[in-house]
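Visitor: I should like to take a close look at a single part of this protein. Please begin there and then place that part in its wider setting.

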Amino acid sequence: MKNEENIYTGTLIYKEIEFTFVFDQKQLKLIPPKEKVTEVGLWFMKECKKGCYIFGDPVYIEQNLCGMANETGHNIIFVPTKDQVGHINSNLIINIDYYIINKYDRETIDRIAIKGPEITHIFPTTIALNKIDWKDNGEIGVTTKTFDETTTEKEKFNIDDKEVLIYFGISVSGSYKTGHAPINLNSTMYVEFVATDDYEFVVKLINICRKFIQYLCFRKNIVFSGIDLASPYKGGLHEDFAKLHEVKERIVEDYPNEKGKYIKYEYIKGFIGKIMDDIVCGNLYLKHLPESYELGKHIDAGEFVMITAGFEWEFKRNYPIGIKKSNDTLNAEKHVTTLIEKLISTNSGKSKKILKFLKKLIVSDDLKSKIIEYGKDYGDISDIFGNHLYNLNDEVLNYTDMGERLSEQRNNFAHGNIDREFIGLSLLDLIYMKIIIYILQLKFYGIDDMNIKHAINELFSRSISI
């Protein structure tokens, strides 16, 4: 809810001082009362000797700020950016990440409802349509399914030792206003939790939800167009009482949505709680996600290394004890380890450090071996995509060759061997490796092979008949 001038004014208390605030939906200016101007000015100064001051350490605001807005007559909550406070004379200038505008003042929050273009595609509103009757005289009759029929099962995950429920639903609204659609269907992602007044927890939860949708879309620039906060209501219901706004502007990238480049809810239902738990804990590898679909078409040296690192991270999760080895290999490793341990015990200094490093390499699996092992165990899922990709480029999928190329090129980048000729086919291997990472991730959660194939086919627009 934005007023016409895009400005909010009011008062708030910080450090027991009542400031007047002016907020332009980006920066918050706090103006102290005249009698407190000197006191506030000294926050930015340091006394070097009695009566003599110099500029002091940076000032940070570590807490959320709650004020009363003149325009609404209700609370407005500001979540500051984690950077230092600016000041002009004694007026504080604070950058804001999020702000929350109450339409009713409530003490606690127990549900967040998130809308956005990506969510609408991941959980399409069309599933709410029950029947459309078209008549010759132009009359149209539309019926929709009930809320129960269009609301998914709730799945559980944990954050900060708090249980959270996540689910999807479709809301229906109507309007007689000119210029408004008479019937609106909206897909919504809901998260519920025990009622709290901790806004930091709420913001953290929203960021976790953002990472989840980013993962399903293989890009970071997803948009939340509406975030509603609700408080407990009688009968176990929820009352929407506030809207949370993000200051950072995000541009909707329509093309990947229109082309279906995302993983639909139906392919991962029943496993969302597990995925969310791993996002919370940082176990799900997301560092290779591009900033946008367009930027995802380009790969530089840093991204090359990050994608191969993503494969090794997810491989380790699927093979916690490493690659299964023959008895001959295990015996050879054991023998060489014994020899090196003897050398370690008889050496010191740098020689000892090098020997310890070599000992670790004996039992470790290299990137090439991991890629070959992946091909043996998961080729029945991914070969259909790999063969198609390599055939388009007049090449043949071979996991041994792929492993050799990726290992050599990754090492060239990692060790600064930029003078060596780039291995052209390793770029094709890397494109395939993006698919492999998703297959390892989805398989780790126990998702059905057919659903994995459908998810990959649509996310990466392979256009293959599954």
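In which sense do β1 and strand β6 pair, and over how many bridges?

Guide: The model is a predicted one. Strand β1, residues 8-14, pairs with strand β6, residues 65-69, in the antiparallel sense, and three bridges connect them. Within this pairing, L12 of β1 stands opposite G67 in β6.

Strand β1 has a further partner, strand β2 (residues 17-23), to which it is joined by seven bridges, and these two strands also run antiparallel. One of the pairs that can be located is T9, whose bridge partner in β2 is V22. The two strands form a hairpin with two residues between them, and K15 in that turn has a positive phi of about 50 degrees.

The faces of β1 deserve separate mention. In a regular strand, side chains alternate between the two faces of the sheet. The covered face of β1 holds Y8, G10, L12 and Y14, whereas T9, T11 and I13 belong to the uncovered face. L12, which stands opposite G67 in β6, is thus cited among the covered positions, while T9, the partner of V22, is on the uncovered face.

For the wider setting, the protein contains 13 helices and 17 strands. Of its 466 residues, 43% count as buried, and the C-alpha atoms fill a box of roughly 90 × 80 × 45 Å along the principal axes. Among contacts with a separation of 6 or more, 66% are between residues 24 or more positions apart.

The nonpolar interior can be described next. In soluble globular proteins, nonpolar side chains tend to be buried together. The largest nonpolar core here has 91 residues, of which I112, F212, I213, L229 and F311 touch the most other members. Helix α3 (residues 199-217) supplies the largest share of this core, 13 residues. Leaving aside neighbours within four places in sequence, I112 is in contact with residues including M189, V191, F193, V202, L205, I206 and L229. A second, separate core of 24 residues includes I17, L28, I76 and L92.

Helix α3 also appears in the surroundings of helix α6 (residues 272-281): the elements covering the buried residues of α6 include β13, β14, α3, α5, α7 and α12. The buried residues in α6 are I272, G273, I275, M276, D278 and I279. After α6 comes G282, with a positive phi near 80 degrees.

Helix α12 (residues 425-444), one of the elements covering α6, also packs with helix α11 (residues 399-414), at an angle of about 105 degrees and with the axes 9 Å apart. That angle makes α11 roughly perpendicular to α12. The contact involves Y399, M402, R405, L406 and Q409 from α11, which meet L425, S426, D429, L430, Y432, M433 and I436 from α12. By class, this contact has eight nonpolar, two polar and two charged residues.

Strand β14, another of the elements covering α6, leads to a final site. G179 is placed in the loop between β14 (162-174) and β15 (183-196). G179 counts as exposed because its relative accessibility is 77%, and the cut-off is over 50%. Its C-alpha atom is 26 Å from that of Y255, and the two residues are 76 apart in sequence.

Definitions and conventions:
Residues are numbered from 1 along each chain as its sequence is written. This is a predicted model: local features need pLDDT of at least 70, side-chain atom pairs count only at pLDDT 80 or more; totals for chains, interfaces and linings use all residues. Side-chain values use heavy atoms; hydrogens and water are left out. Axes are lines fitted to C-alpha atoms, for helices over the stretch in contact, and angles run from 0 to 180 degrees between N-to-C directions. Helices (H or I, at least four residues) and strands (E, at least two) are DSSP runs, numbered from the N terminus. Angles under 35 degrees count as roughly parallel, over 145 as roughly antiparallel, 65 to 115 as roughly perpendicular and the rest as oblique. Contact means heavy atoms within 4.5 Å. Ala, Val, Leu, Ile, Met, Phe, Trp, Tyr, Cys and Pro count as nonpolar, Asp, Glu, Lys and Arg as charged, and the others, Gly among them, as polar. Buried means under 20% relative accessible area, exposed over 50%, partly exposed in between (1.4 Å probe, protein chains only). A nonpolar core is a set of buried Ala, Val, Leu, Ile, Met, Phe, Trp, Tyr and Cys residues joined through side-chain atoms within 4.5 Å. Two strands pair if DSSP finds at least two bridges between them.
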